[in-house]
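Please open the structure in your viewer and keep a selection tool at hand. The tour moves from the whole chain to single side chains.

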Amino acid sequence: MATLSCSSSSLNYQHQAFLRLPRVPTNTGSLLKGDVRNNLHVPRLLLRVPTTPTSVQVKGDSLTKRRELLLQAGSVAFSLSAFTSIALAENDVPEDFQVHSDDVNKFKIMIPRDWQIGAGEGDGVRSLIAFYPQEASNSNVSIVITSLGADFTRLESFGKVDAFAENLVSGLDRSWQRPAGVKAKLIDSKASKGLYYIEYTLQNPCESLRHLFSVLGIANNGVYNRLYTLTGQFVDEEAEKYGAKVQKAISSFRLI
């Protein structure tokens, strides 16, 4: 019987829906600008994009291509029953939270007041904004915004939410390999008010269970359609400290 080696069984996230980044020194060119002092986990889009900086061109009506585009857009999960509509009026914001309003990218989200904000360098097709605690942590919330072709006007362009969620999680799961890789488990999925909500967990051998939760939406900025992939996550040992904060931030997100 083969012996499991924790040092050699970790998932190669280069080909998965999110990328584990190392500690980022502030004096080097990095994905995020500013002071990034924790092990920030952010989604990585593995899209086949053209050289043009204006949009992602997807030819044909192939459902496989549409599903692949969105499957690789991000990851997430926690109880969908916790997703409630949170008004972002100033008097509704808890004292330890603040509203981050992005008038350029057209979204609002409520984040812990003491969390930091990092902005991605961007490549003309994708941009990244991340929210994370000041101290080193595996908990964070991030949003990736990706330009889409004109034919991507609704999330249903990628398929119904249940089928999409099943394909997403099954595409991430590597627990069947020998030695076993990451174990992915779908918890729940639903569509509400033009957004997709997907809940699942990921766990590498010899590592903590990671709870991820995603909200996905499509909106037009007046020039082209854009896919928004909001991701919140925390590991088991940080659930008490950050679980509720991440949940509140995710549930407050809305496009404007």
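What follows is a series of selections, each with a note on what is to be found there.

**Before selecting anything**

This is a predicted model, in which local features need pLDDT of at least 70 and side-chain atom pairs count only at pLDDT 80 or more, while totals for chains, interfaces and linings use all residues. Residues are numbered from 1 along each chain as its sequence is written, and side-chain values use heavy atoms, with hydrogens and water left out.

**The whole protein**

Show the protein as a cartoon, and you have 3 helices and 12 strands; these are DSSP runs numbered from the N terminus, helices being H or I with at least four residues and strands being E with at least two. Of the 256 residues, 49% count as buried, where buried means under 20% relative accessible area, exposed means over 50%, and partly exposed lies in between (1.4 Å probe, protein chains only). If you switch on the surface, its accessible area is about 12400 Å², and carbon and sulfur atoms hold 49% of that; such areas come from the Shrake-Rupley method with a 1.4 Å probe, and for residues only the protein chains shown count as cover. Among contacts with a separation of 6 or more, 61% are made by residues 24 or more positions apart, a contact being heavy atoms within 4.5 Å.

**The sheet of three strands**

Select β3, β4 and β12, which form an open antiparallel sheet in the order β3-β4-β12; strands pair here if DSSP finds at least two bridges between them. At the edges are β3 (97-102) and β12 (254-255), each of which pairs on one side only. Strand β4, residues 107-112, is joined to β12 by 2 bridges in the antiparallel sense, and if you display K108 you will find it opposite R254 of β12. Now add helix α3 (residues 239-252), which packs on this sheet, touches β3, β4 and β12, and has a direction at about 165° to that of β4; axes are lines fitted to C-alpha atoms, for helices over the stretch in contact, and angles run from 0 to 180 degrees between N-to-C directions.

**Helix α3 and its cover**

Which residues of α3 are buried? They are Y242, G243, V246, A249, I250, S251 and S252, and the elements covering the buried residues of α3 include β3, β4, β7 (140-147), β10 (210-220), β11 (225-235) and β12. As general background, an α-helix has 3.6 residues a turn, so residues three or four places apart point the same way.

**The sheet of seven strands**

Select next the strands of the second open sheet, whose order is β5-β6-β7-β11-β10-β9-β8 and whose pairing is antiparallel. Its edge strands, β5 (116-119) and β8 (183-192), have a single partner strand each, so one side of each is left without a neighbour in the sheet. Ignoring direction, neighbouring strands of this sheet are turned by 15° against each other on average.

Within this sheet, β6 (residues 126-132) runs antiparallel to β7 and is joined to it by 6 bridges; display F131 and you will see it opposite V141 in β7. Helix α3 packs on this sheet as well, touching β7, β10 and β11, with its direction at about 160° to that of β11. Helix α2 (residues 161-172) lies across β8, β9 (195-203) and β10, and runs at about 160° to β8.

**The hairpin of β8 and β9**

Zoom in on β8 and β9, which pair antiparallel over 9 bridges, with A184 having L202 in β9 as its bridge partner. The hairpin has 2 residues between its strands, and K193 takes a positive phi near 55° there.

**Two salt bridges**

Finally, show charged side chains: a search of the whole structure finds 2 salt bridges, each defined as a side-chain nitrogen of Lys or Arg within 4 Å of a carboxyl oxygen of Asp or Glu. In one, E135 meets K241, with the closest N and O atoms 3.2 Å apart. Because E135 lies in the loop between β6 and β7 and K241 in helix α3, the pair ties together parts that are 106 residues apart in sequence. E135 is partly exposed at 34% relative accessibility, whereas K241 is exposed at 52%. The other salt bridge joins R154 and E156 at 3.6 Å, N to O; R154 is exposed at 51% relative accessibility, and E156 is partly exposed at 32%.
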